[in-house]
Amino acid sequence: MPAMIERDVIDKDNAGRRAALAADYDALGEHLSRRGIDIDAVKADVAAYGVAVPSWGVGTGGTRFARFPGPGEPRHIFDKLDDCAVIHELARATPRVSLHIPWDKVGDLSELKERAGALGLGFDAMNSNTFQDQADQRLSYKFGSLSHTDPVTRQQAIEHNLECIAIGRALGSKALTVWIGDGSNFPGQSHFTRAFERYLDSMKAIYAALPDDWRLFSEHKIFEPAFYSTVVQDWGTNYLIAQELGDKAFCLVDLGHHAPTVNIEMIVARLIQFGKLGGFHFNDSKYGDDDLDAGSIDPYRLFLVFNELVDARERRAAGFDPAYMLDQSHNVTDPIESLMISASEVRRAYAQALLVDRAALSAYQEDNDALMASQTVKRAYLTDVEPILAMARLGAGGAIDPIACYRASGYRQRVGNERPAIHAAGGGIV
Ligand SMILES: [Mn+2]
């Protein structure tokens with residue numbers, strides 16, 4: 001596999017940090033062993049945990065007001081794959097890339113598959129796009145796509161999703177994620193029931209074309225771009241969709257797509273209980289769908305989500321096999337740096353959740369000992385697991401300190417010289 005970052009750069013930086021990491025890891029190992037936890041087992045679990053990066057995440061995002069591009073932005077999917085390879089080489093947590101069609105469309109799919117394979121990357125879920133109009137598009141999605149009042153427009157949106165499946169099949173993807181911007185801006189503008197009926201009919205047509213070994217993820221979002229009503233607005237509607245469609249249909253939870261006070265970890269538990277949790281788009285938010293870096297605002301919430309996931313896995317919940325992906329918009333940071341940090345934050349939440357003493361927690365819950373139950377969860381969260389994360393990266397050939405290595409490598413400056421500035425590479429908020 002061609003190295004995007006020179007091996008020497010990683011080895012040299014790691015060399016200066018190895019001794020301190022070994023000492024920290026041993027100290028944490030001793031501490032955890034007193035709690036009955038084998039640190040090496042946790043490390044192995046964490047090392048095996050991967051989260052996909054979105055192809056659009058390596059470009060600068062922006063808001064609806066403006067976008068301020070950085071140097072060396074990827075011009076097309078091949079540049080994006082290079083950037084994704086950098087992220088994985090250093091942080092060793094993101095082995096798959098999630099593509100977005102049409103932003104990542106290419107003429108030769110075998111070339112794309114080959115390039116990804118050479119970089120050591122696979123393809124995660126395919127993402128369709130009927131929330132904006134493309135230059136060559138016949139009918140507009142201004143008033144909706146899969147739920148549009150016009151059947152011909154709906155058919156165009158269905159066919160786009162079928163094309164996404166076809167592209168994904170050629171690349172080895174196993175899932176399609178559908179998020180639509182359909183909704184209304186004024187009370188009375190749209191008939192809630194009829195719009196949802198039309199959406200379900202369209203999704204049934206897409207579901208019918210889904211290969212047997214694929215899954216269909218529908219993603220809910222409370223608002224935006226529609227500001228009064230959204231067709232797939234919350235997890236309840238999302239659950240109804242997955243129920244209506246069938247066994248291969250699941251709900252995707254984007255952490256930013258809820259009202260600020262909503263208890264997301266509880267939604268996760270409900271979807272697990274009824275076998276309909278499809279996966280995640282990780283990010284963080286303070287006000288709305290802010291698409292900030294995972295764990296940057298409320299790391300405790302991220303941990304509590306993983307607390308439910310680890311609980312489900314340990315009790316072998318039926319049909320539990322979520323897909324994990326980052327979905328963020330990077331406006332003021334180098335996207336490569338943000339994605340490396342975010343992948344680590346997701347792994348951190350996972351590692352912390354593995355430390356919860358579940359037998360003790362269960363006993364406190366049965367006893368109605370609210371204080372000790374909450375302390376049991378909090379204790380795991382407050383454990384500094386950084387040595388586990390760093391050791392997992394090092395063991396997989398990555399960097400103890402990915403950001404330091406990345407900055408020392410000069411990658412951004414290099415691609416800044418190689419890639420002429422462009423204005424539209426398909427970044428944004430999904
Ligand atoms: Mn999303």
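## Strand 10 and its partners

In this predicted model, Val-253 stands opposite Phe-280 of strand 10, and the two residues belong to a longer pairing in which strand 9 (residues 249-254) and strand 10 run parallel and are joined by four bridges. Helix 9 (residues 264-273) takes part in the connection, since strand 9, helix 9 and strand 10 make a right-handed β-α-β unit.

Strand 10 also pairs with strand 11 (residues 323-326), again in parallel and again through four bridges, and here His-281 is the residue that stands opposite Met-325 in strand 11. A second right-handed β-α-β unit is made by strand 10, helix 10 (residues 299-314) and strand 11. Strand 10 itself, which covers residues 277-282, is mostly covered, with six of its six residues buried.

## The open sheet

These pairings are part of an open sheet of six strands in the order 4-5-7-9-10-11, with parallel pairing. Strand 4 (126-127) and strand 11 each have a single partner strand and stand at the edges, so one side of each is left without a neighbour in the sheet.

Further along the order, strand 7 (residues 215-219) runs parallel to strand 9 and is joined to strand 9 by four bridges; within this pairing, Leu-216 has Ala-249 of strand 9 as its bridge partner. Helix 8 (residues 235-245) packs on the sheet, where helix 8 touches both strand 7 and strand 9, and the direction of helix 8 makes about 160° with that of strand 9.

## Helix 1 and its two sides

Helix 1 (residues 7-15) has a buried set made up of Val-9, Ile-10, Asp-13 and Asn-14. These residues lie on the same side of helix 1, because they cover an arc of only 120° around the axis. An α-helix has 3.6 residues a turn, so residues three or four places apart point the same way.

The other side of helix 1 carries Arg-7, Asp-8, Asp-11, Lys-12 and Ala-15, which are exposed. The cover over the buried residues of helix 1 includes helix 2 (18-34), helix 14 (386-395) and helix 15 (402-409).

## A buried loop residue, Asp-334

Asp-334 is found in the loop between strand 11 and helix 11 (335-354). Although Asp-334 is a loop residue, Asp-334 counts as buried because 20 C-beta neighbours lie inside 10 Å, and 20 is the number at which a residue is classed as buried.

Leaving aside neighbours within four places in sequence, Asp-334 is in contact with Gly-70 and Arg-412. Ala-116, by comparison, is 218 residues from Asp-334 in sequence and 22 Å from Asp-334 in space, taken from C-alpha to C-alpha.

## The chain as a whole

The protein chain has 16 helices and eleven strands, and its C-alpha trace spans about 65 × 60 × 40 Å along the principal axes. A compact globule of 430 residues would have a radius of gyration near 22 Å, and the 22 Å of the protein chain therefore agrees with that expectation.

Of the 430 residues in the protein chain, 48% are buried. Among contacts in the protein chain with a separation of 6 or more, 80% are accounted for by residues 24 or more positions apart.

Technical notes:
Residues numbered from 1 in each chain as written. Predicted model: local features only at pLDDT ≥ 70, side-chain atom pairs only at ≥ 80, totals over all residues. Buried ≥ 20, exposed ≤ 12 C-beta atoms within 10 Å, placed from the backbone. Pairing = 2+ DSSP bridges. Right-handed = clockwise from strand over helix to strand, strands pointing away. Arc of directions from axis to C-beta. Contact = placed C-beta atoms within 7 Å. Rg over C-alpha atoms; globule rule 2.2 N^0.38 Å. Axes fitted to C-alpha atoms, helices over the stretch in contact; angles between N-to-C directions.
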